[in-house]
Amino acid sequence: MKKKIRVGLDFDGVIAYNPFRLVRAPWAFLKNRFLGVKKLSFFYPKNRFEKMIWIMMHDSSIFPAKGAKFLRELVNEDLVEAHLISGRYSFLDCQLYTWLERFGLRKIFRSININEQDRQPHLFKEAVIKKLGVEFFIEDNWDIVDYLDGRSKAEIYWIYNIIDRFRPYERKFPYLEKALRSITGSKSS
Ligand SMILES: [Mg+2]
């Protein structure tokens, strides 16, 4: 039997398409350029109001990304072993499971790893990637890609968006399906 390819996948922006992700790129730029924040750190909503806004941003109009269906096929054909590694904070857990159920995607994952201790997302992902020993990890946030690249044996695949598409990176793809086809060496039909 052929060995399955072990793939880790981020949730927001990789499995789920969320138009709000476009808001994040200018914010990261602004933070770095004008506020002089060089150290990688992510916003954590502290009070109920901030959490409510955060939940709305993560819940409104998110759909399975182009390639979610293809991922299911690869899993069903025993070509890929998929692990979900989401940096989402714990108060969003429930929504993540509901969403996966709604689109019939929960069972395709061998493991679902969520950031229960609300660690910084890049550190959480680094730890899980190492623990699971995934060969590939697919991520949409450039700062996280940049951080993870070279820190483990996993090859980091980047899903870019229209704002940062000119950034040079060896393994960059416009959406999930293209990344999966590159990983599995399957041509588009
Ligand atoms: Mg993401």
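User: How many helices and strands make up the secondary structure of the protein chain?
Analyst: This is a predicted model, in which local features need pLDDT of at least 70 and side-chain atom pairs count only at pLDDT 80 or more, while totals for chains, interfaces and linings use all residues. Residues are numbered from 1 along each chain as its sequence is written. Helices (H or I, at least four residues) and strands (E, at least two) are DSSP runs, numbered from the N terminus. On that basis, the protein chain has seven helices and eight strands.

User: In what order do the six strands of the open sheet lie?
Analyst: Strands of a sheet pair through backbone hydrogen bonds, either parallel or antiparallel. Two strands pair here if DSSP finds at least two bridges between them, and in this sheet the pairing is parallel. The edge strands, each pairing on one side only, are E5 and E8. Read across the sheet, the order is E5-E4-E1-E6-E7-E8.

User: Which residue in E8 is the bridge partner of Ile-159?
Analyst: E7 (155-159) and E8 (172-173) pair in the parallel sense over two bridges. Within E8, the residue bridged to Ile-159 is Phe-173.

User: What percentage of the 189 residues in the protein chain is buried?
Analyst: A residue is buried if 20 or more other C-beta atoms, placed from the backbone, lie within 10 Å of its own, exposed if 12 or fewer do, and partly exposed in between. Of the 189 residues in the protein chain, the buried share is 34%.

User: Which residues touch the most other members of the largest nonpolar core?
Analyst: A nonpolar core is a set of buried Ala, Val, Leu, Ile, Met, Phe, Trp, Tyr and Cys residues joined through C-beta atoms within 7 Å. The largest such core has 43 residues, and those touching the most other members are Phe-137, Ile-138, Tyr-157 and Leu-176.

User: Why do the buried residues of H7 count as being on the same side?
Analyst: In helix H7 (residues 176-184), the buried residues are Leu-176, Ala-179, Leu-180 and Ile-183. The arc is that of the directions from the helix axis to the C-beta atoms. These buried residues lie on the same side of H7 because the arc they cover around the axis is only 95°.

User: At about what angle to E7 does H7 run?
Analyst: Axes are lines fitted to C-alpha atoms, for helices over the stretch in contact, and angles run from 0 to 180 degrees between N-to-C directions. Two residues are in contact if their C-beta atoms, placed from the backbone, lie within 7 Å. H7 lies across E1, E4, E6, E7 and E8, and the angle to E7 is about 150°.

User: How far apart are the end C-alpha atoms of helix H5?
Analyst: The expected span of a helix is 1.5 Å times one less than its number of residues. Helix H5 (residues 121-132) has 12 residues, so a span of 16 Å is expected, and this agrees with the separation of its end C-alpha atoms, 16 Å.

User: Is Ala-154 buried or exposed?
Analyst: Ala-154 is found in the loop between H6 and strand E7, and its contacts beyond four places in sequence include Gly-8, Ile-129 and Phe-137. Since 23 C-beta neighbours lie inside 10 Å of Ala-154, this residue counts as buried.

User: How many other C-beta atoms lie within 10 Å of Ile-108?
Analyst: Ile-108 sits in the loop between helix H4 (93-102) and E5, and, leaving aside neighbours within four places in sequence, is in contact with Leu-71, Arg-72, Val-75 and Ala-82. Ile-108 is partly exposed, and the number of other C-beta atoms within 10 Å is 19.
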